[in-house]
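Me: I have a structure open on my screen and would like to walk through it with you. Could we take it one question at a time?

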Amino acid sequence: KNQCRKSGEPYISHPLNVAHIIADMELDLASLLTALLHDTVEDTNVTLGDIEEMFGGEISQCVDGVTKIAKIAFTSYEEQQSENYRKLILAMSKDIRVVLVKLADRLHNMRTLQYMPKEKQQRIARETMEIYAPLAHRLGIYTVKTELEDLCFMYLKPKKCEALEQQIKVAEVELKQYDEEVVVILERLMKEAGLGINSSLLVKGRTKGLWSIYNKMKRQGIELDDV
């Protein structure tokens, strides 16, 4: 009660947003409850015993798991050490839902990182890029992985991120025109082949994240048009 985040919002807004991310992942009730309660032991007078008494052992164990991950002191982001941290998080989490809630927690923290001091923004973004984004990738949660990477990109390389974003906005207009031309051509070819068109033809493409595009351009020495 009466606690606020750096943004000025009531503190309850954070667990509610984390629970919303968990709901978008379509996880179970235990995961939602863990999301809502994940900071209570660390930030309030509520104990794990209290949680177990009110919500049961399954929820208290998950909350305990998230709390333990939060206490890990990340001291190095070298590639091998980051991999060790990722393995440690997975090993500590007897229930995979613990890791998923922690990823949701980190995602919301990254979404509101602008309210933190610049030095802390850099540290959290680096930690997220080296540990949590690869963890999301390993678990196959690509939407979370992509958003985490793009948010980190915005703080770690703001000028390059903004420049690439502007380039992509221009390219998206050209891509939409290209898609419309492809649809017309495919419809004509299908009619000529006697296949007929019973429903609208939909051409879909997979959108790469800003960080992924930047990495590919840098790694292969190519321009945006070649990605």
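**Contacts, helices and charges**

Me: Let's start with contacts in the protein chain between residues at least 6 apart in sequence: what percentage join residues at least 24 apart?
Reply: Happy to help, and please keep in mind that this is a predicted model. Contacts between residues at least 6 apart in sequence are the pool here, and the share that joins residues at least 24 apart is 60%.

Me: Which pattern does the protein chain follow along the sequence?
Reply: The chain has eleven helices and zero strands. Reading along the sequence therefore gives α at each step, since the elements counted are helices and strands. Written out, the pattern is α-α-α-α-α-α-α-α-α-α-α.

Me: What radius of gyration does the protein chain have?
Reply: For 227 residues, a compact globule would come out near 17 Å. The C-alpha atoms here fill a box of roughly 70 × 40 × 35 Å along the principal axes. The radius of gyration of the chain is 22 Å.

Me: How much of the accessible surface belongs to carbon and sulfur atoms?
Reply: Buried residues make up 36% of the 227 residues. The accessible surface of the chain comes to about 14,100 Å². Of that surface, the part belonging to carbon and sulfur atoms is 51%.

Me: Which helices are included in what covers the buried residues of α2?
Reply: Helix α2 spans residues 29–37, and its buried residues are Ala 30, Ser 31, Thr 34, Ala 35 and Leu 37. The cover over them includes α1 (13–24), α3 (40–43), α4 (48–55), α5 (57–70) and α7 (96–111).

Me: Now to charges. How far apart do the centres of the positive and negative side chains lie?
Reply: There are 31 positive and 35 negative side chains in the chain. Side chains of opposite charge can pair when their charged atoms come close. A search of the whole structure finds 13 salt bridges. As for the centres of the two sets, their separation is 4 Å.

Me: Arg 97 forms a salt bridge with which residue?
Reply: Arg 97 is buried, with a relative accessible area of 16%, while its partner is partly exposed at 44%. The closest N and O atoms of this pair are 2.7 Å apart, and the partner is Glu 58. Because Arg 97 lies in helix α7 and its partner in helix α5, the bridge ties together parts 39 residues apart in sequence. So the residue you want, at the α5 end of the pair, is Glu 58.

Me: What separates Lys 68 and Asp 64 along helix α5?
Reply: These two form a salt bridge, with the closest N and O atoms 3.3 Å apart. Lys 68 is partly exposed at 43% relative accessibility, and Asp 64 is partly exposed at 22%. Because they sit four residues apart in helix α5, their separation is about one helical turn.

Me: Glu 83 and Arg 138 also meet in a salt bridge; how many residues apart in sequence are the parts they tie together?
Reply: The N to O distance in this bridge is 2.8 Å. Glu 83 counts as buried at 15% relative accessibility, whereas Arg 138 counts as partly exposed at 41%. Since Glu 83 lies in helix α6 (residues 79–92) and Arg 138 in helix α8 (residues 118–138), the parts tied together are apart in sequence by 55 residues.

Me: Is Glu 127 buried or exposed?
Reply: Glu 127 lies in helix α8. Beyond its neighbours within four places in sequence, Glu 127 is in contact with Phe 74, Tyr 77, Arg 106 and Tyr 132. Its relative accessibility is 6%, and because the cut-off is under 20%, Glu 127 counts as buried.

Me: How far apart in space are Thr 44 and Ala 23?
Reply: Thr 44 is found in the loop between α3 and α4, and it is partly exposed, with a relative accessible area of 34%. In sequence, Thr 44 and Ala 23 are 21 residues apart, and from C-alpha to C-alpha the distance is 24 Å.

Me: One last item: what is the phi of Glu 26?
Reply: Glu 26 lies in the loop between α1 and α2, and it is exposed, with a relative accessible area of 72%. Most residues other than glycine have a negative phi. Glu 26 is not a glycine, yet its phi is positive, at about 60°.

Definitions and conventions: Residues are numbered from 1 along each chain as its sequence is written. This is a predicted model: local features need pLDDT of at least 70, side-chain atom pairs count only at pLDDT 80 or more; totals for chains, interfaces and linings use all residues. Side-chain values use heavy atoms; hydrogens and water are left out. Helices (H or I, at least four residues) and strands (E, at least two) are DSSP runs, numbered from the N terminus. The radius of gyration is taken over C-alpha atoms; the globule rule is 2.2 Å times the number of residues to the power 0.38. Buried means under 20% relative accessible area, exposed over 50%, partly exposed in between (1.4 Å probe, protein chains only). Contact means heavy atoms within 4.5 Å. Accessible areas come from the Shrake-Rupley method with a 1.4 Å probe; for residues, only the protein chains shown count as cover. Lys and Arg count as positive and Asp and Glu as negative; His and the chain ends are not counted. The place of a charge is taken as NZ of Lys, CZ of Arg, CG of Asp or CD of Glu. A salt bridge is a side-chain nitrogen of Lys or Arg within 4 Å of a carboxyl oxygen of Asp or Glu.
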